[in-house]
Amino acid sequence: MVLLAVVSLLVCMPAQAQDSVRNTKDSVELAVADTMAADSAIAAITADLEGMDNENSVEEGGGLHKQLKRKFIEGSAGFMSLVALALVLGLAFCIERLIYLTLSEINAKKLMRDIDALLEQDDVDCAKDLCRDTRGPVASICYQGLLHIKEPLEQIDRQLTNYGTVQISNMEKGCSWIRLFIAVAPSLGFLGTVIGMVMAFDRIQTAGDISPTIVAEGMKVALITTIFGIIVAVILQFFYNYILSKIEHLTSQMEESAISLTDSIAKYKQKR
């Protein structure tokens with residue numbers, strides 16, 4: 001009997017071992033499948049969260065005009081409107097001066113050659129008509145010199161100098177306003193900053209706590225006006241320097257033309 005029990009036990013043990021191995025394998029496969037499914041779900045949730053973050057960042061960023069609009073509102077619309085008004089008016093004067101100076105530029109050397117040729121032909125009236133029909137301060141100075149061609153050279157030179165001063169004043173007309181807006185824009189920005197900081201301190205006093213959030217928010221809003229004011233001043237300064245360079249170019253053309261005209265008139269008088 002004992003022998004039969006031992007034999008039956010030996011026969012059953014391999015079958016039980018196989019069953020246990022099979023059950024363990026099935027459990028491992030199920031665990032792996034569950035883990036892969038969980039990883040897939042986590043990856044999908046992470047992708048959705050990243051997409052939502054990207055959408056929120058796009059909505060918060062927006063285009064350049066939206067960002068400028070948001071900063072404009074954050075920086076107190078009152079002072080920001082004054083800074084924007086200074087920019088618009090300053091650019092208006094700059095554009096007007098640029099148009100005037102651009103239209104005033106001519107080929108001065110060619111004009112002087114034509115006047116010299118007409119004076120050699122003793123045709124003063126045609127030389128005057130040529131200067132009258134040509135735009136710009138150079139032609140105007142030459143016309144004034146030809147009007148006094150019968151006077152002594154010293155008097156003609158004095159007339160050219162006086163009329164050149166008038167033409168330079170005409171070219172610089174409006175530049176004082178541009179300088180004013182260049183100075184006013186950052187001043188308005190600083191004023192808005194000071195008032196914004198005062199308002200920030202008022203909020204701190206009302207809250208009764210110097211919280212970093214309150215201080216940072218007030219400082220950010222206060223400094224926005226200064227940033228815009230400096231940007232406006234830099235833009236207007238660029239245009240103003242360009243206008244000055246064109247005025248200097250026209251002034252040098254007038255001086256050279258006045259010297260050439262004086263020489264042409266001197267040769268005309270010697271011939272007469």
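Is Arg 97 buried or exposed? At a relative accessibility of 4%, Arg 97 counts as buried. Keep that in mind as you look through these close-up views of a predicted model.

**View 1. Arg 97 and Glu 96 join side chains in a salt bridge.** Here the N to O distance is 2.9 Å. The two partners make an interesting pair to look at in turn. Arg 97 is buried, because its relative accessibility of 4% falls under 20%. Glu 96, on the other hand, has a relative accessible area of 37% and is partly exposed.

**View 2. Lys 267 and Asp 116 meet through their side chains in a salt bridge.** The N to O distance in this view is 3.4 Å. Lys 267 belongs to helix H9 and Asp 116 to helix H4 (residues 108-120), so the pair ties together parts that lie 151 residues apart in sequence. If you are following the chain along its sequence, this is a good place to pause and find both helices. Asp 116 is buried, with 17% relative accessible area, whereas Lys 267, at 44%, is partly exposed.

**View 3. Asp 129 and Arg 132 form a salt bridge within helix H5.** Their side chains meet at 2.6 Å, N to O. Both residues sit in helix H5 (residues 124-133), three residues apart, so about one helical turn separates them. Asp 129 counts as partly exposed at 34% relative accessibility, and Arg 132 is partly exposed too, at 46%. The salt bridges in these views are among the five counted in the model.

**View 4. The largest pocket has a volume of about 190 Å³.** Let us turn now from charged pairs to an open space. The lining of this pocket is made up of 13 residues. Those that lie nearest the centre are Leu 160, Thr 161, Gly 164, Glu 255 and Ala 258, and they are a handy starting point for finding your way around this view.

**View 5. Helices H7 and H9 both contribute to the lining of the largest pocket.** Which helices should you look for here? Helix H7 (153-171) and helix H9 (212-271) each provide at least two of the lining residues. Helix H9 is also the home of Lys 267, the partner of Asp 116 in View 2. By residue type, the lining of the largest pocket consists of six nonpolar, five polar and two charged residues.

Methods: Residues are numbered from 1 along each chain as its sequence is written. This is a predicted model: local features need pLDDT of at least 70, side-chain atom pairs count only at pLDDT 80 or more; totals for chains, interfaces and linings use all residues. Side-chain values use heavy atoms; hydrogens and water are left out. On a 1 Å grid over the protein atoms alone, a cavity is a set of points where a 1.4 Å probe fits but cannot get out, and a pocket is an open set with protein on both sides within 12 Å along at least five of seven lines; lining residues have an atom within 4 Å of a point. Grid points are joined across faces, edges and corners, and a volume is the space filled by probe spheres set on the points. Helices (H or I, at least four residues) and strands (E, at least two) are DSSP runs, numbered from the N terminus. Ala, Val, Leu, Ile, Met, Phe, Trp, Tyr, Cys and Pro count as nonpolar, Asp, Glu, Lys and Arg as charged, and the others, Gly among them, as polar. A salt bridge is a side-chain nitrogen of Lys or Arg within 4 Å of a carboxyl oxygen of Asp or Glu. Buried means under 20% relative accessible area, exposed over 50%, partly exposed in between (1.4 Å probe, protein chains only).
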